[in-house]
Amino acid sequence: MSNLDLHPAPALCGGRHDVTARPVRELLPAKDVRLGESTMVRRLLPNLGRRMVGAWAFVDHYGPDDIADEPGMQVPPHPHMGLQTVSWLHAGEVLHRDSLGSLQTVRPGELGLMTAGRAISHSEESPREHAPLLHGAQLWVALPDAHRHTAPMWEHHAELPRVTGGGGIRATVLMGELDGALSPATAFTPIVGADVTLPAGCDGRLPVRPDFEYAALTMSGEAEVDGVRLAPGSMLYLGCGRSELPLRADVDSAFMLLGGEPFEERIVMWWNFVGRSHEDIAQARSDWMTGSHFGTVHGYEGARLPAPELPPVALKPRGRAR
Ligand code: MN
């Protein structure tokens, strides 16, 4: 998915100095953002209160939306640089096309992972024949400096490892490692992304790492994470310093656990790009607008997305200021 904001605010983030070493419970409010003609999303990262969780730098939650009589998701070809996009669905399907020639329908329980590296472009759409409901999350992972110029790559993982815990906790590991279960997806930093389901009446604990910071994004139901009850579409930042996470639920619930080693590097995130300087971003924007480097997406019916104007002042990486 794309950031379709016509006036995207530059997000300047990275660095360890305001990462809490101790456990916290910080509720991050969602911002409603319109994505294209028909999709509304709730943006949880970047947030006024927090820019990153580990290398996770962008979190959108959408649906469940009834798209039975609508086109559904229609995101025209657009570029990415310096990040990975993670597509994860609870209902419906998304057809992915990219400039490498990939053509893949991503369905619930399957991971669509696009490593943009130095440059890629893609489109995402609901297929013409689609399920009535669309519900999912779109997440971005910032690439560390050593790998941000890597060759672009598309991965589709239909088989992902599962973890079970006390109280009926079940987790699917999308990215990284959780309780000894390692995702086959390519990761470039110590990270975890997992989809956790809790049955009604669940009361258990999930083992986590004290050196990782974590956040929980509720997908459905009302998971109670470390004593905090979360309505769908809200995210709870948990900080570091836990070896286990207490989980409860009165009704069937699902949430995404996002975490990782605090990302030390300062980054500049603007529109669909992650760089390290204003020049990186300005060059990427110019390359997209002149048709260089980002390739061509074939088969999408419609024009590609133009980049918004750069802000009038230079983008400077300056840490994870609130
Ligand atoms: Mn995208």
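## Close-up views of a predicted model

**View 1. A polar contact of 3.3 Å links the side chains of Ser-87 and Gln-138.** A polar contact here is a pair of N or O atoms within 3.5 Å; within protein, one must be able to donate a hydrogen and the other to accept it, and residues adjacent in sequence count only if both atoms are side-chain atoms. The model is predicted, so local features need pLDDT of at least 70 and side-chain atom pairs pLDDT 80 or more, while totals for chains, interfaces and linings use all residues. Residues are numbered from 1 along each chain as its sequence is written, and side-chain values use heavy atoms, leaving out hydrogens and water. Ser-87 sits in strand β7, residues 83-91 (strands, E, at least two residues, and helices, H or I, at least four, are DSSP runs numbered from the N terminus). With a relative accessible area of 12%, Ser-87 is buried (under 20%; exposed is over 50% and partly exposed in between, with a 1.4 Å probe and protein chains only). Besides Gln-138, Ser-87 touches Val-106, Glu-110, Leu-111, Gly-112, Glu-124 and Ala-137, leaving out residues up to four places away in sequence (contact means heavy atoms within 4.5 Å).

**View 2. Ser-121 is tucked into strand β11.** Is Ser-121 buried or exposed? Ser-121 counts as buried, because its relative accessibility is 1%. Take a look at His-80 as well: its C-alpha is 6.0 Å from that of Ser-121, although the two are 41 residues apart in sequence. A polar atom of the Ser-121 side chain lies 2.8 Å from the backbone oxygen of Phe-294. Setting aside neighbours within four places in sequence, Ser-121 is in contact with ten residues you can pick out here: His-78, Pro-79, Arg-97, Asp-98, Ser-99, Trp-288, Phe-294, Gly-295, Thr-296 and Val-297.

**View 3. Helix α1 covers residues 278-290.** Which residues of α1 are buried? They are His-278, Ile-281, Ala-284, Arg-285, Asp-287 and Trp-288. The cover over these buried residues includes β6 (74-80), β11 (120-125), β25 (267-270) and β26 (273-275). Right after α1 comes Gly-291, with a positive phi near 80 degrees.

**View 4. Four strands make an open, antiparallel sheet.** Follow the strands across and you get the order β18-β23-β20-β21. β18 (203-207) and β21 (228-229) are the edge strands, since each pairs on one side only (two strands pair if DSSP finds at least two bridges between them). β18 and β23 (residues 244-248) run antiparallel and are joined by 5 bridges. Across from Asp-203 you'll find Arg-248 of β23.

**View 5. The largest nonpolar core has 43 residues.** A nonpolar core is a set of buried Ala, Val, Leu, Ile, Met, Phe, Trp, Tyr and Cys residues joined through side-chain atoms within 4.5 Å. Which members touch the most others? Val-86 and Met-175 do. Strand β12 (residues 133-142) gives the core its largest share, 5 residues. Another core, of 27 residues, lies apart from this one and has Ala-171, Leu-206, Leu-236 and Phe-255 among its members. Back at Met-175, the contacts beyond four places in sequence include Trp-56, Gln-84, Val-86, Leu-111, Leu-113, Ile-191 and Val-192. In soluble globular proteins, nonpolar side chains tend to be buried together.

**View 6. Glu-125 and Arg-97 meet in a salt bridge, 2.9 Å from N to O.** A salt bridge is a side-chain nitrogen of Lys or Arg within 4 Å of a carboxyl oxygen of Asp or Glu, and the count comes to 17. In this one, Glu-125 in β11 and Arg-97 in β8 (residues 94-98) link distant parts of the chain, 28 residues apart. Both partners are buried: Glu-125 has a relative accessible area of 11%, and Arg-97 is at 15%.

**View 7. Here are two more salt bridges, Arg-148 with Asp-145 and Arg-276 with Glu-265.** The side chains of Arg-148 and Asp-145 meet at 2.6 Å, N to O. Arg-148 is buried at 11% relative accessibility, whereas Asp-145 is partly exposed at 40%. For Arg-276 and Glu-265, the closest N and O atoms are 2.7 Å apart. Where do these two sit? Arg-276 is in the loop between β26 and α1, and Glu-265 is in the loop between β24 (253-260) and β25, 11 residues apart. Arg-276 is buried at 14%, while Glu-265 is partly exposed at 25%. Elsewhere, Glu-222, Glu-224, Arg-229, Arg-248 and Asp-250 form one network through salt bridges that share partners.

Methods
The expected span of a helix is 1.5 Å times one less than its number of residues.
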